[in-house]
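Here's a walk through a structure you haven't met before. Have a look at it first, and then we'll go through it piece by piece.

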Amino acid sequence: MVDLVNRRCGYCDGSGRINVGESAASYQPCPVCTGFGKVRVPSSYGTCPICHGSGKKNIGEFAPRWVQCKNCHGTGWREPPTSCR
Ligand SMILES: [Zn+2]
Ligand SMILES: [Zn+2]
């Protein structure tokens, strides 16, 4: 039985929308939380160690270019490493 809790969506930082405009601001609903601003994850989940909870990774070399973190699927939350099994 997994206990799900609402957490702040890392990809949009809880705003429910993301800015996709390059020069002028242009907002779209966040694809991770579909505009809700929160994601439901198991209560045991912690901050994603790859994106440090931001839900995204910068793949741009010169200008910032953000993609969803594959490790946490953009939520910013990740199951803790299994130390024993
Ligand atoms: Zn979101
Ligand atoms: Zn991540």
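## Strands and overall build

The protein chain has 8 strands and 0 helices. Reading from the N terminus, you go β-β-β-β-β-β-β-β. Bear in mind that this is a predicted model.

Put a box around the C-alpha atoms along the principal axes, and that box comes out at roughly 50 × 30 × 10 Å. The chain has 85 residues, and 26% of them are buried. As for who touches whom, take the contacts with a separation of 6 or more: 47% of these link residues 24 or more positions apart.

## The nonpolar core

What sits in the largest nonpolar core? It has 14 residues, and the ones that touch the most other members are Cys9, Tyr11, Cys12, Cys30, Val32, Cys33 and Val39. As a general background point, nonpolar side chains in soluble globular proteins tend to be buried together.

Cys12 is a handy one to zoom in on. Which residues is Cys12 in contact with, once you skip its neighbours within four places in sequence? The list is Arg17, Ile18, Cys30, Val32, Cys33 and Gly37. Among these, Cys30, Val32 and Cys33 also turn up in the core list above.

## Two loop residues with positive phi

Now for a couple of backbone details. Asp13 belongs to the loop between β1 (4–8) and β2 (17–19). Its phi is near 55°, which is a positive value in a residue other than glycine. Is Asp13 buried or exposed? Neither, quite: Asp13 counts as partly exposed because it has 16 C-beta neighbours inside 10 Å, and that falls between the 12 or fewer of an exposed residue and the 20 or more of a buried one.

Thr34 has a positive phi too, about 50°, and Thr34 isn't a glycine either. You'll find Thr34 in the loop between β3 (27–29) and β4 (38–42). With 11 other C-beta atoms within 10 Å, Thr34 is exposed.

## A look at His52

Further along the chain, where does His52 sit? His52 is placed in the loop between β5 (46–47) and β6 (56–58). His52 has 11 C-beta neighbours inside 10 Å, so it counts as exposed.

If you'd like a distance to check by eye, try His52 and Ser15. Those two are 37 residues apart in sequence, and in space their C-alpha atoms are 18 Å apart.

How values were computed:
Residues are numbered from 1 along each chain as its sequence is written. Chains are lettered from A and ligands numbered from 1 in the order in which they are written. This is a predicted model: local features need pLDDT of at least 70, side-chain atom pairs count only at pLDDT 80 or more; totals for chains, interfaces and linings use all residues. Helices (H or I, at least four residues) and strands (E, at least two) are DSSP runs, numbered from the N terminus. Two residues are in contact if their C-beta atoms, placed from the backbone, lie within 7 Å. A nonpolar core is a set of buried Ala, Val, Leu, Ile, Met, Phe, Trp, Tyr and Cys residues joined through C-beta atoms within 7 Å.
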